[in-house]
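Reader: I'd like a close look at one part of this protein, a strand and whatever is packed around it. Could you walk me through it in plain words?

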Amino acid sequence: MDTMRDRFISTTSRLLDDDPRLALVLAEISRDGFQQAERRHPDRVINVGIREQLMIGVGGGLALTGMRPVMHTFASFLVERPFEQVKLDFGHQGVSGVLVSAGASYDWPAGGFTHMSPGDVALLDTLDGWTVHVPGHPDEAEALLRRAVAGDDLVYVRLSLQSNTSARPVSPGFTTLREGRDGVVVAVGPMLDNVLAATEGLDVTLLYATTVRPFDAEALRRAVDGARADVVLVEPYLAGTSTTAANDALAETPHRVLGLGVSRRELRTYGSMEEHLRGQGLAPAALRERVTAFLDH
């Protein structure tokens, strides 16, 4: 199976052929994968080198001319390093574009903390109007990317090497995979397989999310109508990123929310992605222990 990043490269290359409005701005990362697209469209595939602030500035300039820019690099270099440019060159200027990341929270631990970005979605939450997609499978990544490119809004597509075994149909909101009475668990993107294993045999409602912003408040309210209003959010980035959104959704309902994800504590070892999942308590056994302890309290 190809990775989400592989699918991004092949899908975007085809979209560049089909849509003259589309432009791609790179900062070295993934340039090798776009060599043929660059030869076919040298005016719309632009590599600025390792200058991530410039990448966002060029994307904003293209957007001002009516183009639909897609900007791509590792999440830490796409959202965190050029955050001021994202805030000003897009939000303040009132133009739109698509950010597509790789690397996620700890896809490449050997790259060190410079190449990890567990706080990217939380950081974008400080800005207005961003749609955030977190696919859990390459097929979902392609569908969400096509939707993002066809639109006219501000979109962040967060790709990861972590992937679920099978794809699910993508929808604008949360999808109900299972109904139960003892609580609600929301699994985001590539966390689904681990959450499925962790909640096997538990009488809980399970929601699956590939689009986390806007947050599907209505789906969460419907879920707690048929279950105890104890909610567990399992996200592949900073723990608690969506707890405020969940609390706002349930403001008129007595409830409890537990946010599980990547800790603020830095794991100062390389290891592998799987070892980081275990170290963050996001592997199935640890998830089951944490979910059941919360629901049994």
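In which sense do strand β5 and β6 pair, and over how many bridges?

Author: Strand β5 (residues 130-133) and β6 pair in the parallel sense, over four bridges. Strands count as paired here if DSSP finds at least two bridges between them. The names come from DSSP runs numbered from the N terminus, with helices being H or I runs of at least four residues and strands E runs of at least two. Before going on: the model is predicted, so local features need pLDDT of at least 70 and side-chain atom pairs pLDDT 80 or more, while totals for chains, interfaces and linings use all residues. Numbering starts from 1 along each chain as its sequence is written, and side-chain values use heavy atoms, without hydrogens or water.

Back to the strand. If you click on T131 in β5, its bridge partner in β6 is V155. On its other pairing, β6 goes with strand β4 (residues 98-102), again in the parallel sense and over four bridges. There, L99 stands opposite Y156 of β6.

β6 itself runs over residues 154-158, and five of its five residues are buried, where buried means under 20% relative accessible area, exposed over 50% and partly exposed in between, using a 1.4 Å probe on protein chains only. Colour the side chains by direction and you get two groups: L154, Y156 and R158 point one way, while V155 and V157 point the other way. Both groups are buried. So you won't find an exposed face on this strand, because all of these residues are buried whichever way they point.

Now zoom out to the sheet. Seven strands make an open sheet in the order β2-β1-β3-β4-β6-β5-β10, with mixed pairing. Its edge strands are β2 (45-47) and β10, each of which pairs on one side only. On average, neighbouring strands in this sheet are turned by 20° against each other, direction ignored. Angles like that one run from 0 to 180 degrees between N-to-C directions, with axes as lines fitted to C-alpha atoms (for helices, over the stretch in contact).

Keep walking through β4 and you reach strand β3 (residues 68-74), which pairs with β4 in the parallel sense over five bridges. H72 is a handy landmark there, with V100 as its bridge partner in β4.

Two helices cover this part of the sheet. Helix α1 (residues 4-18) packs on it, touching β1, β2, β3 and β4, and its direction makes about 140° with that of β1. Helix α3 (residues 52-64) lies across β1, β2, β3 and β4 too, running at about 170° to β3. A contact, by the way, is heavy atoms within 4.5 Å.

For a view from inside, take L22 in strand β1 (residues 22-26). Its relative accessible area is 0%, so it counts as buried. Setting aside residues up to four places away in sequence, L22 touches T12, L15, L16, R44, M67, R68, V70 and V149. Follow the chain out of β1 and you come to S30, in the loop between β1 and α2 (35-40). S30 has a positive phi of about 70° although it is not a glycine, and at 9% relative accessibility it is buried.

The loop between β4 and α6 (120-124) has something similar in A104. Phi of A104 is near 50°, positive in a residue other than glycine, and its 3% relative accessibility makes A104 buried.

Finally, look over at β10 (211-213), which is followed by the loop to α9 (217-225) that holds P214. A cis peptide bond joins R213 and P214, with omega about 0°. R213 is also one of the contacts of T241, a residue in the loop between β11 (230-238) and α10 (243-249). Leaving aside neighbours within four places in sequence, the other contacts of T241 are V121, A122, D125 and E235. T241 is buried too, at 11% relative accessibility.

That brings in the other sheet. Strand β11 belongs to an open, mixed sheet of five strands in the order β7-β9-β8-β11-β12. Its edge strands are β7 (175-178) and β12 (256-262), each pairing on one side only. Neighbouring strands in this five-stranded sheet are turned by 25° on average, direction ignored. Within it, β8 (residues 184-188) and β9 (residues 205-209) pair in the parallel sense over five bridges, with V188 standing opposite A209 in β9.
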